[in-house]
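Visitor: I would like to know how the labels given to helix pairs and pockets are arrived at. Please take them one at a time.

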Amino acid sequence: MSSDDNSQQNQAQAAEPSRQPIFLLPGAVLLLCGILVAIEAAKSLVLNEAGVESLLAWFSFFPYRLIEPEAVEGGWLPILWTPLTHAFLHSGWEHVLMNSVWLAIFATPLTKRYGTIPMLLLFAIGAIAGAAAFAATTLPNPAVLVGASGGVAALTGAALRFMFQPVVVAVDPETGERRVVGRRLAGIREVAMHPSARTFAIVWIIGNAIVPLLPLLTGMSVGIAWQAHLGGFFAGFLLVPLFERKSDA
């Protein structure tokens, strides 16, 4: 092939638009968001009122079961799985869509850094930690917890440990080529000393901690599970080093 032919071929290839994936999110993140939306669609569009009540009775987190199990359908048994399954139920479309967007934002860097299974484990740990915090702050009053907020908060707390850190560049010892290898995981003190990370953490913690005071200021009840937010956030923030590999930056 002549040099002119090579030149024309290169120009033709350069003129073609580069192919980009339609969705930039990892498949696991898309699937998890899709499951949340699908469950809400089934709850809203398929189940009748009795079906919704049974769904919530068996899969929402109702810690009052521990005190009076006969007060709700299923007795005490659902307490074995509802600390996790409550994360897949929501109170409406606005709730599920907001959690799905937040999930997509913070699950994506966690999945790219650690992989699908660690991301899902952090999500599950956050949901369970959020449920534990919810039970500790609501009992002996009857209260029901639904929503992925605890799991999403865990991913948020985990991502906070590295998302504000500078990019690490490694040099290949043989070729001298420089390449980006990621961001290092910051220690707790480093997060506290970093202006952006510190501000993010303060806003998150204080923003949720003042939620129980809002009824005193506004005279209206606020249906926000701040306990699940804080419990999940601290679980992810403190436990993410367990998923760090020695080869990670």
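Guide: This is a predicted model. A pocket is a convenient start: the lining of the second largest pocket divides into 5 nonpolar, 4 polar and no charged residues.

Visitor: How do you know that no charged residues are in that lining?

Guide: The lining consists of Met98, Asn99, Trp102, Ser149, Val152, Ala153, Trp204, Asn208 and His229. Charged means Asp, Glu, Lys or Arg, so His229 counts as polar. That leaves the division at 5 nonpolar and 4 polar.

Visitor: What is the volume of the second largest pocket, and which elements give two or more residues to its lining?

Guide: The volume is about 180 Å³. The elements in question are α5, α7 and α9.

Visitor: Which residues lie closest to the centre of the largest pocket?

Guide: The largest pocket holds about 460 Å³ of space. Of its 22 lining residues, His95, Val146, Gly223, Ile224 and Ala225 are closest to the centre. At least two lining residues come from each of α5 (93-114), α6, α7 (149-160) and α11. By class, the lining has 11 nonpolar, 10 polar and 1 charged.

Visitor: Why is α5 called roughly parallel to α7?

Guide: The two helices pack at an angle of about 30 degrees, with their axes 9 Å apart. Angles under 35 degrees count as roughly parallel, and therefore α5 and α7 get that label. Their crossing is left-handed.

Visitor: What makes the contact of α5 with α7?

Guide: From α5 come His95, Asn99, Trp102, Leu103, Phe106, Ala107 and Leu110, and they meet Ser149, Val152, Leu155, Thr156, Ala158 and Ala159 of α7. These residues divide into 9 nonpolar, 4 polar and no charged.

Visitor: Why is α9 called roughly antiparallel to α11?

Guide: The axes of α9 (residues 195-209) and α11 (residues 226-239) cross at roughly 150 degrees and come within 9 Å. The label roughly antiparallel is for angles over 145 degrees, so it applies to α9 and α11. This crossing is left-handed.

Visitor: Which residues of α9 and α11 meet?

Guide: On the α9 side they are Trp204, Ile205, Asn208 and Ala209; on the α11 side, Trp226, His229, Leu230, Phe233 and Phe234. The count by class is 7 nonpolar, 2 polar and no charged. Trp204, Asn208 and His229 also belong to the lining of the second largest pocket.

Visitor: Why are α6 and α11 called oblique to each other?

Guide: The axes of α6 (residues 116-138) and α11 cross at roughly 135 degrees and come within 7 Å. That angle is not over 145, as roughly antiparallel would need, and lies outside the range 65 to 115 for roughly perpendicular. The pair is therefore oblique. The crossing of α6 and α11 is right-handed.

Visitor: What makes up the contact of α6 with α11, and how does it divide by class?

Guide: α6 contributes Leu122, Ile125, Gly126, Ala129, Gly130, Ala133, Phe134, Thr137 and Thr138, while α11 contributes Trp226, Gln227, Ala228, Gly231, Gly232, Ala235, Gly236 and Leu239. There are 9 nonpolar, 8 polar and no charged residues. Gly counts as polar, so Gly126, Gly130, Gly231, Gly232 and Gly236 are among the polar residues here.

Visitor: Where is proline 140, and what kind of peptide bond joins it to leucine 139?

Guide: Proline 140 is in the loop between α6 and α7. The bond from leucine 139 to proline 140 is cis, with omega about 10 degrees. Most peptide bonds are trans.

Methods
Residues are numbered from 1 along each chain as its sequence is written. This is a predicted model: local features need pLDDT of at least 70, side-chain atom pairs count only at pLDDT 80 or more; totals for chains, interfaces and linings use all residues. Side-chain values use heavy atoms; hydrogens and water are left out. Axes are lines fitted to C-alpha atoms, for helices over the stretch in contact, and angles run from 0 to 180 degrees between N-to-C directions. Helices (H or I, at least four residues) and strands (E, at least two) are DSSP runs, numbered from the N terminus. A crossing is left-handed if the near helix is turned anticlockwise from the far one by less than a right angle, and right-handed if clockwise. Contact means heavy atoms within 4.5 Å. On a 1 Å grid over the protein atoms alone, a cavity is a set of points where a 1.4 Å probe fits but cannot get out, and a pocket is an open set with protein on both sides within 12 Å along at least five of seven lines; lining residues have an atom within 4 Å of a point. Grid points are joined across faces, edges and corners, and a volume is the space filled by probe spheres set on the points.
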